[in-house]
Amino acid sequence: MPLQLYNTLTRKKEVFRPIDKGTVRMYNCGPTVYDYPHIGNCRAFLLGDLLRRYLEFKGLNVNQVMNITDVDDKTIRDSQKEGVSLKEFTERYTKAFMDDLASLNVKPATTYPKATEHIKDMVELVSILLDKGIAYKAEDGIYFDVSKFKGYGKLAHINLEELKAGASERVKSDEYAKDKVQDFALWKAWDKDDGDVFWETEVGKGRPGWHIECSAMSRKYLGQPFDIHTGGIDLVFPHHENEIAQSEAAYGKKFVNYWVHNEFILVEGKKMSKSLGNFFTLRDLIQKGHDPFAIRYSLISAHYRQQLNFTIKGLEAAKQSVQRLQDCADKLRAWESDTEDNQDIPDLVKLAIDGFEAEMDDDLNISNALAIIFEFVKNINKLMLEGKLSTEDAKNALELLQRFDAVLGVLKHEEQSLDEDIQALVEEREEARKNKDYEKADKIRDELKEKGIILEDTSQGVRW
Ligand SMILES: [Zn+2]
């Protein structure tokens with residue numbers, strides 16, 4: 001059965017057909033690294049992960065690119081406020097972001113390009129737009145003339161005529177409202193507020209606008225057109241609209257085939273805000289003792305195009321759901337029985353896998369897909385209770401649960417078994433770290449490294 005995805009561009013569910021047979025090229029708008037990701041951000045990153053995992057489940061390879069925006073208005077503003085260099089500032093939050101992805105069991109993307117490492121590609125794109133007369137120079141930067149691109153507004157469904165957007169109006173800021181369609185900045189000329197953040201380039205001294213980053217980096221790693229572009233619904237305008245304008249105007253061909261956007265998140269029924277006290281970063285929740293796998297589950301378990309009401313009560317329920325899956329998997333793994341094979345198992349397995357796939361094919365209808373998984377778990381638990389499951393049946397059932405989990409990503413699989421000497425060294429080092437004997441800790445770390453064990457200290461303890 002073919003996968004259907006809701007395409008924001010056409011406002012319709014469409015059968016997904018990758019450009020290249022067998023491989024999908026997908027771009028997920030990544031973080032602006034000026035703060036710790038909040039759970040609304042996490043939902044968007046998890047949509048990219050869920051989609052990638054499901055495409056892999058369907059037997060496709062996925063070339064997945066997620067950008068790191070490490071230069072923009074916000075990163076410059078906040079690094080200056082703190083009095084540290086842009087690089088030091090953004091590296092801290094990039095690392096935090098990567099740690100958060102690992103906590104959420106997000107599969108690493110193929111590439112995480114950083115904006116600051118692709119200035120040349122952006123300048124090249126700006127130059128093409130200048131040469132074509134679509135971009136123009138103003139005293140404070142280089143702007144995209146929206147009246148020169150016929151398709152402007154097609155993603156956000158904006159009618160330019162109605163808005164009577166004049167070429168005389170322009171906006172330097174990266175973010176602005178939909179009723180304020182204006183020429184937008186491709187390149188921002190240096191001014192003193194930028195401090196030491198600038199590049200001397202053939203289009204002048206300055207820095208890129210936010211939108212040009214994604215156009216340039218997606219093209220570099222995925223070509224044009226590519227298959228899928230994802231992001232939060234708040235990015236439709238102006239960010240994604242402007243990406244389309246830049247890329248299509250410059251190269252005269254379609255930019256992206258499928259635009260997939262996730263809805264907002266509410267927390268305890270309200271818009272998340274610091275003043276309401278319902279603003280959570282992933283770190284906040286983990287520090288409060290919530291299991292990151294339960295957080296993952298609760299963020300993926302509602303359909304991505306529905307608003308998700310994130311609540312602490314819901315998080316508790318998510319934890320129980322994950323535990324139910326885990327218990328079933330653990331029991332199946334340990335199951336041994338000399339009863340004969342149950343004739344119903346092949347049908348149960350087939351019904352579950354077909355049902356799961358049919359639901360996920362329907363624009364990732366995860367809530368229905370989960371219902372099918374839990375029905376299967378209920379049936380298997382019952383058969384175990386009645387002693388009607390053979391060792392072979394248990395193996396088959398476990399295999400199916402693992403296939404489901406390749407998409408869900410919420411089960412803990414058998415611990416990687418370390419040999420005892422190494423385990424002892426890891427513990428000795430932990431002890432040294434606790435006693436602030438960092439010299440000894442580092443020595444043990446090096447010793448382990450020689451044995452091919454790389455340790456990574458995370459907020460949840462040590463990982464290898
Ligand atoms: Zn982007």
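**Terms first.** Helices here are DSSP runs of H or I with at least four residues, strands are DSSP runs of E with at least two, and both are numbered from the N terminus. I needed that to place the loops below. The model I opened is predicted.

**Entry 1: positive phi.** I looked up leucine 364. This leucine sits in the loop between helix 11 (345–361) and helix 12 (366–385). Its phi is positive, about 55°, although leucine 364 is not a glycine. Is leucine 364 buried or exposed? I noted a relative accessibility of 1%, so leucine 364 counts as buried, the limit being under 20%.

Then I went to arginine 11. Its phi is near 55°, again a positive value in a residue other than glycine. Arginine 11 belongs to the loop between strand 1 (4–7) and strand 2 (12–15). I wrote down partly exposed for arginine 11, because its relative accessibility is 32%.

**Entry 2: cis peptide bonds.** I checked omega before two prolines. The bond from glutamine 224 to proline 225 is cis, with omega near -5°. I found proline 225 in the loop between helix 6 and strand 11 (226–232). The bond from phenylalanine 237 to proline 238 is also cis, with omega near 0°. Proline 238 is not in a loop: I placed this residue in helix 7 (residues 236–251).

**Entry 3: the zinc site.** Which residues coordinate the zinc ion? I listed Cys29 through SG, Cys214 through SG and His239 through NE2, at 2.1 to 2.2 Å. Along the chain, these donors follow the spacing C-x184-C-x24-H. The two cysteines tie distant parts of the chain together, since they are 185 residues apart. Cysteine 29 is in the loop between strand 3 (23–28) and helix 1 (39–57). Cysteine 214 is in helix 6 (residues 210–222).

I looked up how covered the two cysteines are. Cysteine 29 has a relative accessibility of 8%, so I count this residue as buried. Cysteine 214 is buried too, at a relative accessible area of 0%.

**Entry 4: helix 9.** How many residues of helix 9 are buried? I counted nine of nine over residues 292–300, so helix 9 is largely enclosed by the rest of the structure. The buried set includes Pro292, Phe293, Tyr297 and Leu299. Arg296 and Ser298 are on that buried list as well.

**Entry 5: salt bridges.** My search of the whole structure gave 35 salt bridges. I took notes on a few.

Lysine 148 meets aspartate 145 in a salt bridge, at 3.5 Å from N to O. The two partners differ in cover. Lysine 148 is partly exposed, at 49% relative accessibility. Aspartate 145 counts as buried, because its relative accessibility is 7%.

Aspartate 354 pairs with lysine 350 at 2.5 Å, N to O. Both lie in helix 11, four residues apart, which is about one turn of the helix. I noted aspartate 354 as partly exposed, with a relative accessible area of 36%. Lysine 350 is partly exposed as well, at 48%.

Lysine 440 bridges to glutamate 428, and the closest N and O atoms are 3.7 Å apart. This pair joins distant parts of the chain: lysine 440 is in helix 15 and glutamate 428 is in helix 14 (residues 420–434), twelve residues apart. I read 37% relative accessibility for lysine 440, so I put this lysine down as partly exposed. Glutamate 428 is likewise partly exposed, with a relative accessible area of 37%.

I also traced a network. Asp73, Asp174, Lys188, Asp194 and Arg207 are joined into one by salt bridges that share partners.

**Entry 6: a negative patch.** Which residues gather in the patch of negative charge on the surface? I listed Asp437, Glu439, Asp442, Asp446, Glu447 and Glu450. Glutamate 450 is in helix 15 (residues 438–450). I looked up its cover and found 72% relative accessibility, so glutamate 450 counts as exposed, the limit being over 50%. Lysine 440, from the bridge to glutamate 428, is in helix 15 too.

Terms used:
Residues are numbered from 1 along each chain as its sequence is written. This is a predicted model: local features need pLDDT of at least 70, side-chain atom pairs count only at pLDDT 80 or more; totals for chains, interfaces and linings use all residues. Side-chain values use heavy atoms; hydrogens and water are left out. Donors are N, O and S atoms within 2.8 Å of the metal (3.2 Å for Na, K and Ca); water is not among the atoms, so sites may look incomplete. Buried means under 20% relative accessible area, exposed over 50%, partly exposed in between (1.4 Å probe, protein chains only). Patches are made of residues with over 30% relative accessible area and no salt bridge: like charges are joined within 9 Å, nonpolar side chains (Val, Leu, Ile, Met, Phe, Trp, Tyr) within 5 Å. Accessible areas come from the Shrake-Rupley method with a 1.4 Å probe; for residues, only the protein chains shown count as cover. A salt bridge is a side-chain nitrogen of Lys or Arg within 4 Å of a carboxyl oxygen of Asp or Glu. Lys and Arg count as positive and Asp and Glu as negative; His and the chain ends are not counted. The place of a charge is taken as NZ of Lys, CZ of Arg, CG of Asp or CD of Glu.
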